[in-house]
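Visitor: Could you take me on a close look at one part of this structure, the empty space inside it and the residues around that space? I would also enjoy a short stop at a loop on the way.

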Amino acid sequence: MEFAAIIPARYASTRFPAKPLAMLGGKPVIIRVCEQASKVFDNVFVATDDVRIYDAVKEGGFIPVMTRSDHKSGTDRCYEAYVKCGVKADVVVNIQGDEPFIQPSQLQTVKSLFDSDDTDIATLVKPFAPDTPFDRISNPNSPKVVVDGDWNALYFSRSVIPYFRGVPESEWPSMHTYYKHIGLYAFRSGVLEAVTRLPQATLEKAESLEQLRWLSAGYRIKAGVTDVETIGIDTPDDLAAAELFLKEHSL
């Protein structure tokens, strides 16, 4: 089975402009993501709409693909890059450009989900520990996932679900395993093309979570489990935390 890893990277960002080019341990963030992806995938591409990112990726020894600037989602940008990259893959893996510490084990977990012919879309989840403070679980910037017995995603939400009626919120983490969503997606190539043609769904607009469009359309999303904690970079403060993490782990 052939895989292609595509990393969408935009220059514009409300909370952190030029984030892909921010330096982390002497390298641009986007190059660190590429390096991690290349440990698992032979075909790694960066989908961007900015010549500065394009040049930095090329200089770093990886393959950039210039895409339109008007895409509304990373998935749409990912599909345009896949069409242009010249590689025919069975599965296209969309890796977030702000995850410089994504681990090979996590990528391998998602990759292995396609050993089943029933998998059309795959993603990752990480269980919250039973002693996790409730305010960390309830953080709306950290989407949660509810899965069924076969590890298909039932719903993604910024809210904490399930809700335990009549139970103090501080006790909820010890009564149920809540799952944090890791924003990594993989699609069979035909499914990727199909989902880019879907209109926005009501649930997606409410939660501002694109994956709810796919669930609303009837697609199943298979979830793999990881226990690896990574640091995504959304803000300059996250970058400072990432620098500290890099030094502590000698990566």
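Guide: Happy to, and please keep in mind that this is a predicted model. Let us make the loop our starting point. D148 sits between strands β8 (144-147) and β9 (153-157), in the loop that joins them. Its relative accessible area is 27%, so D148 counts as partly exposed. The side chain of D148 turns to the backbone here: one polar contact goes to the backbone nitrogen of D150 at 2.8 Å, and another goes to the backbone nitrogen of N152 at 2.9 Å. For a sense of scale, the C-alpha atoms of D148 and I63 are 38 Å apart in space, with these positions 85 residues apart in sequence.

Now to the empty space. Rolling a probe the size of a water molecule over the atoms shows where such space is left. Searching the whole structure for cavities of 30 Å³ or more turns up one. The largest cavity holds about 40 Å³, and its lining consists of I95, Q96, E99, I102, I182, G183 and L184. By class, that lining has four nonpolar residues, two polar and one charged.

Two of the cavity-lining residues, E99 and I102, lead us on to another loop. T230 lies in the stretch between β11 (221-225) and α10 (236-249). With a relative accessibility of 10%, under the 20% cut-off, T230 is buried. Beyond its neighbours within four places in sequence, T230 is in contact with E99, F101, I102 and Q106. With E99 there is also a polar contact, side chain to side chain, at 3.1 Å.

Last comes the largest pocket, with a volume of about 1,900 Å³. It is lined by 49 residues, and those closest to its centre are R15, K19, Q96, D98 and D234. Q96 is a name you have already met, as one of the residues lining the largest cavity. Several elements each supply at least two residues of the pocket lining: β1 (3-9), α3 (74-85), β10 (179-188), α9 (211-216) and α10. Among these, β10 gives the most, with five residues. As for chemical class, the pocket lining comprises 20 polar, 16 charged and 13 nonpolar residues.

If you want to retrace the route on screen, begin at D148 in the loop between β8 and β9, move to T230 and its contact partners, including E99 and I102, and finish at the pocket centre with residues such as R15 and K19.

How values were computed: Residues numbered from 1 in each chain as written. Predicted model: local features only at pLDDT ≥ 70, side-chain atom pairs only at ≥ 80, totals over all residues. Heavy atoms only, no water. Helix = DSSP H or I, 4+ residues; strand = E, 2+ residues; numbered from the N terminus. Buried < 20%, exposed > 50% of the residue type's maximum accessible area, 1.4 Å probe, protein only. Polar contact = N/O pair within 3.5 Å; in protein donor to acceptor, adjacent residues only side chain to side chain. Contact = heavy atoms within 4.5 Å. 1 Å grid on protein atoms, 1.4 Å probe; cavity = no way out; pocket = protein on both sides within 12 Å on 5 of 7 lines; lining within 4 Å. Points joined across faces, edges and corners; volume = space filled by probe spheres on them. Nonpolar A, V, L, I, M, F, W, Y, C, P; charged D, E, K, R; others polar.
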